Amino acid sequence: MPVRRVVPVLQSAALPQSAEFYGALGLQEVMNHGWIMTLASAENPAVQLSLMTEDRTAPVAPDLSIEVEDVDAAYAAMRDRGAEIVHPLTDEEWGVRRFFVRDPGGRVVNVLSHR
């Protein structure tokens with residue numbers, strides 16, 4: 001199953017200050033929905049970090065995001081394994097199809113594809 005990118009998601013109650021902090025390390029804002037912001041390297045845009053106050057459309061905030069080529073196949077694979085689906089497969093208004101699954105260590109993984 002091809003993976004396009006993996007992005008850590010850090011919870012922050014202070015998004016502007018966090019963005020400024022990581023900006024000093026060379027990351028710049030590439031997406032901002034008010035409750036989630038993604039920062040990336042200008043030189044290598046695939047190098048990303050997301051900052052989130054909370055997930056506005058899911059019951060929990062994820063620890064990381066994995067963008068896959070086929071989210072439906074990933075969902076089927078996780079269900080076949082008996083993995084805990086924390087948030088069902090959903091088409092979000094900002095153009096992604098995603099679900100959350102809990103890994104064996106307890107981390108919540110946001111698995112997504114862009115539509």
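This tour of a predicted model proceeds from strand 8 to its neighbouring strands and then to the largest pocket.

**Strand 8.** Begin by selecting residues 108–114, which form strand 8. Six of these seven residues are buried, that is, under 20% relative accessible area, so the strand is largely enclosed by the rest of the structure.

**The parallel partner.** Add residues 64–68, which make up strand 5. Strand 5 runs parallel to strand 8, and four bridges connect the pair. To inspect one point of this pairing, display L64 together with V109 of strand 8, which stands opposite.

**The antiparallel partner.** Next, select residues 96–102, strand 7. Here the pairing with strand 8 is antiparallel and extends over seven bridges. V96 may be shown with H114, its bridge partner in strand 8. Then move to the hairpin of strand 7 and strand 8, where five residues lie between the strands. Within this hairpin, select G106, whose phi is positive, near 100°.

**The largest pocket.** Finally, turn to the largest pocket, with a volume of about 340 Å³. Its lining comprises 23 residues, and those closest to the pocket centre are R5, M31, I36, T38 and L112. To see which elements contribute, colour strand 1 (3–11), strand 2 (27–32), strand 3 (36–41) and strand 4 (48–52), along with strands 5, 7 and 8: each supplies at least two lining residues. Colouring the lining by residue class shows twelve nonpolar, seven polar and four charged residues. Strand 8, the starting point of the tour, is thus seen again among the strands that supply this lining.

Terms used:
Residues numbered from 1 in each chain as written. Predicted model: local features only at pLDDT ≥ 70, side-chain atom pairs only at ≥ 80, totals over all residues. Heavy atoms only, no water. Buried < 20%, exposed > 50% of the residue type's maximum accessible area, 1.4 Å probe, protein only. Pairing = 2+ DSSP bridges. 1 Å grid on protein atoms, 1.4 Å probe; cavity = no way out; pocket = protein on both sides within 12 Å on 5 of 7 lines; lining within 4 Å. Points joined across faces, edges and corners; volume = space filled by probe spheres on them. Nonpolar A, V, L, I, M, F, W, Y, C, P; charged D, E, K, R; others polar.
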